[in-house]
Amino acid sequence: MKSTLHLCITMSSCPEYERLAAAVDQILKDLAEKTTLHLELFRSKQHRKFMRLDKELELLVGEKERAIGSLRQHAKEHQCQQPEKAA
Ligand SMILES: [Zn+2]
């Protein structure tokens, strides 16, 4: 997924697309880091911290949905995303 996105950034010449794609990139990176921490807290049975991060992750997933939604909407309306290669 990440490499596909990165490819789009490289291929796109639209600054708005690049801005939106960078936001998605950042949120996904954040999610990955926080999920790793979440697992550590779970394994070390730090319940309170675990639950706090659980809430944070929930919000972050919502942010991710919105960021990806904006990116897709922009690409659709602006026709600035290269067609995806068949996997
Ligand atoms: Zn565009």
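Q: How do you know that helix H3 keeps close to the expected span in this predicted model?
A: Helix H3 covers residues 47–78, which is 32 residues, and its first and last C-alpha atoms are 46 Å apart. At 1.5 Å a residue the expected value is 46 Å, and the span of H3 is close to that.

Q: What is the phi of Gln 79, just after H3?
A: Gln 79 has a positive phi of about 55°, although it is not a glycine.

Q: Is Gln 79 buried or exposed, and what makes it so?
A: Within 10 Å of Gln 79 there are 8 other C-beta atoms. The cut-off for exposed is 12 or fewer, so Gln 79 is exposed.

Q: Where does Lys 45 lie, and what is its phi?
A: Lys 45 sits in the loop that runs between helix H2 (15–43) and H3. Its phi is near 55°, again a positive value in a residue other than glycine.

Q: Why does Lys 45 count as exposed?
A: Lys 45 has 8 C-beta neighbours inside 10 Å. Exposed means 12 or fewer, so Lys 45 belongs in that class.

Q: Why are H2 and H3 called roughly antiparallel?
A: Their axes lie 9 Å apart and the helices pack at an angle of about 160°. Angles over 145 degrees count as roughly antiparallel, and H2 and H3 therefore earn that name. Their crossing is left-handed.

Q: What kinds of residues make up the contact of H2 with H3?
A: The contact has 19 nonpolar, 4 polar and 8 charged residues.

Technical notes:
Residues are numbered from 1 along each chain as its sequence is written. This is a predicted model: local features need pLDDT of at least 70, side-chain atom pairs count only at pLDDT 80 or more; totals for chains, interfaces and linings use all residues. Helices (H or I, at least four residues) and strands (E, at least two) are DSSP runs, numbered from the N terminus. The expected span of a helix is 1.5 Å times one less than its number of residues. A residue is buried if 20 or more other C-beta atoms lie within 10 Å of its own, exposed if 12 or fewer, and partly exposed in between; C-beta atoms are placed from the backbone. Axes are lines fitted to C-alpha atoms, for helices over the stretch in contact, and angles run from 0 to 180 degrees between N-to-C directions. Angles under 35 degrees count as roughly parallel, over 145 as roughly antiparallel, 65 to 115 as roughly perpendicular and the rest as oblique. A crossing is left-handed if the near helix is turned anticlockwise from the far one by less than a right angle, and right-handed if clockwise. Ala, Val, Leu, Ile, Met, Phe, Trp, Tyr, Cys and Pro count as nonpolar, Asp, Glu, Lys and Arg as charged, and the others, Gly among them, as polar.
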